[in-house]
Amino acid sequence: MNERLFGAVEDRTDELVALTADLIRFPTVNPPGEAYRPCAEFLGARLKKLGFETEFIRAEGAPGDSDRYPRVNVVARFDGRSPGPCVHFNSHIDVVEAGDGWTVDPFAGVVKDGRVYGRGACDMKGGLAASVIAAEAFMATYPDFPGAIEISGTADEESGGFGGVAHLARLGYFSKPKVDHVIIPEPLNKDRICLGHRGVWWAEIETKGEIAHGSMPFLGDNAVRHMGAVLQAFEEDLFPALDRKMTRMPVVPEGARRSTMNINSIHGGQTEDFRPGLPSPNVPDWCRLTIDRRFLLEEDIATVKGEVTGILERLKRERKKFDYEIRDLMEVLPLMTERDAPVVKAVAKGIMEVFDREPDYVISPGTYDQKHVARLGHLYDCIAYGPGILDLAHRPDEWVGIADMVESAKVMAIGLNVLLRGTTG
Ligand SMILES: [Zn+2]
């Protein structure tokens, strides 16, 4: 056990709590992307006091970026006494809207019963604060350490990360030789290492029809009925097939250990917005469906798309007047960092030291900013690891446990020690 390093973290417990509460007090709600600049500047100022060099990078032109809601990111770097690898902690500063059902003010940073409450407490301002304290404790304990530590606070993770990590990764902030190892302190629980996520394909399918008077539908061609045939084929052929595909990826919860597809929306024909009058009767000449397909490491995206287009092509052959279009909305490939990757082994050592047991290795059912680090930064030594219970994210009375934050800051500090100094002790 590294008593010195653990003591340095414990000595900073009050600061860790105060920092978490301070971060929660910036209502960085996304959308629209409120208070990003003051939150990033606060974090930057805090790190500057520790000797970090800070940069503020606005993602101009990113979705949602405007002078009223600038997508401001902060990247801070501290170079050690001698050259060596760089460990980067990346946290998103945005939070989702508070919603209803709170018993405390979601943006007051309330501390009670060993917890810090507030929107973003668990997802993921508690993790951000833990990484700052871990770095601080490590730097104070080993002032001569080699290599570098970076900490970033980035925008827009909740809406895809395009004005945040994706923007920075395009500019080279998440690539070698600048950065070697990335830890994203998302709330995956203090004793679990998240290696990656399933893949995503979103698409919009449109069926075509021909408008006519609703009293004589035989004169037109009903696009909604064509979509009904698509849905029926999905029910009969696609969903059962997806359900049979199991993965070796350790996805949590277990229900997501197979292929899934959600129908996100369906719209066809005239608007429902006819009140206070009545709609006039028409045969709908279009119907649109959006699908959200989550796929596994064992599947390739061409096959995933082919399963859907195969059904649409079959309907085109078999069903009279059936015609369609399909449009890709988003695609992200599945990711799984290997268990023997340096960052995984280093954080696993930290978990062993703090909890005296092996970590659980998990995969997230949905994506997070690791996708941009891999796809745009071409950096694969990346994991998510941080305090907080994932189920509390985005819910009312969100909280993060103070003891959990302290323990995971210890794990992160050991991770730094292993990656930069090559030792736990
Ligand atoms: Zn998050």
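A crossing of two helices is called right-handed if the near helix is turned clockwise from the far one by less than a right angle. With that in hand, welcome to this predicted model, where α2 passes α10 in just such a right-handed crossing. The chain holds 10 helices and 16 strands, and its radius of gyration is 24 Å, close to the 22 Å that the globule rule gives for 425 residues, so the chain is as compact as a globular protein of that length.

**The chain as a whole**

- Along the principal axes, the C-alpha atoms fit a box of roughly 80 × 45 × 40 Å.
- Buried residues make up 48% of the 425 in the chain.
- Among contacts with a separation of 6 or more, 81% join residues 24 or more positions apart.

**Helix α2 against helix α10**

- Helix α2 covers residues 13–24, and its axis lies 10 Å from that of α10, at an angle of about 110°.
- Angles from 65 to 115 degrees count as roughly perpendicular, and α2 and α10 are therefore roughly perpendicular to each other.
- On the α2 side the contact involves Thr-13, Leu-16, Val-17 and Thr-20, which meet Ile-402, Met-405, Val-406 and Ala-409 of α10.
- Sorted by class, this contact of α2 with α10 has 6 nonpolar residues, 2 polar ones and no charged ones.

**Helix α1 against helix α10**

- Helix α1 (residues 3–10) also packs on α10 (residues 402–421): their axes come within 9 Å and cross at roughly 135°.
- The pair α1 and α10 is therefore oblique, and its crossing is right-handed.
- From α1, the residues in contact are Leu-5, Phe-6, Val-9 and Glu-10; from α10, they are Val-406, Ala-409, Lys-410, Ala-413, Ile-414 and Asn-417.
- The classes here are 7 nonpolar, 1 polar and 2 charged residues.
- Val-406 and Ala-409 of α10 are worth a look on screen, as they appear in the contact with α1 and in the contact with α2.

**A close look at Pro-334**

- Pro-334 sits in the loop that links β12 (324–332) to β13 (335–336).
- A residue is buried if 20 or more other C-beta atoms lie within 10 Å of its own; Pro-334 has 23 such neighbours inside 10 Å and so counts as buried.
- Leaving aside residues up to four places away in sequence, Pro-334 touches Gly-196, His-197, Arg-198 and Gly-199, together with Phe-295, Leu-296 and Leu-297.
- Arg-198 is 136 residues from Pro-334 along the chain, yet their C-alpha atoms are separated by 4.4 Å.

Note on methods. Residues numbered from 1 in each chain as written. Predicted model: local features only at pLDDT ≥ 70, side-chain atom pairs only at ≥ 80, totals over all residues. Axes fitted to C-alpha atoms, helices over the stretch in contact; angles between N-to-C directions. Helix = DSSP H or I, 4+ residues; strand = E, 2+ residues; numbered from the N terminus. Parallel < 35°, antiparallel > 145°, perpendicular 65-115°, else oblique. Contact = placed C-beta atoms within 7 Å. Nonpolar A, V, L, I, M, F, W, Y, C, P; charged D, E, K, R; others polar. Rg over C-alpha atoms; globule rule 2.2 N^0.38 Å. Buried ≥ 20, exposed ≤ 12 C-beta atoms within 10 Å, placed from the backbone.
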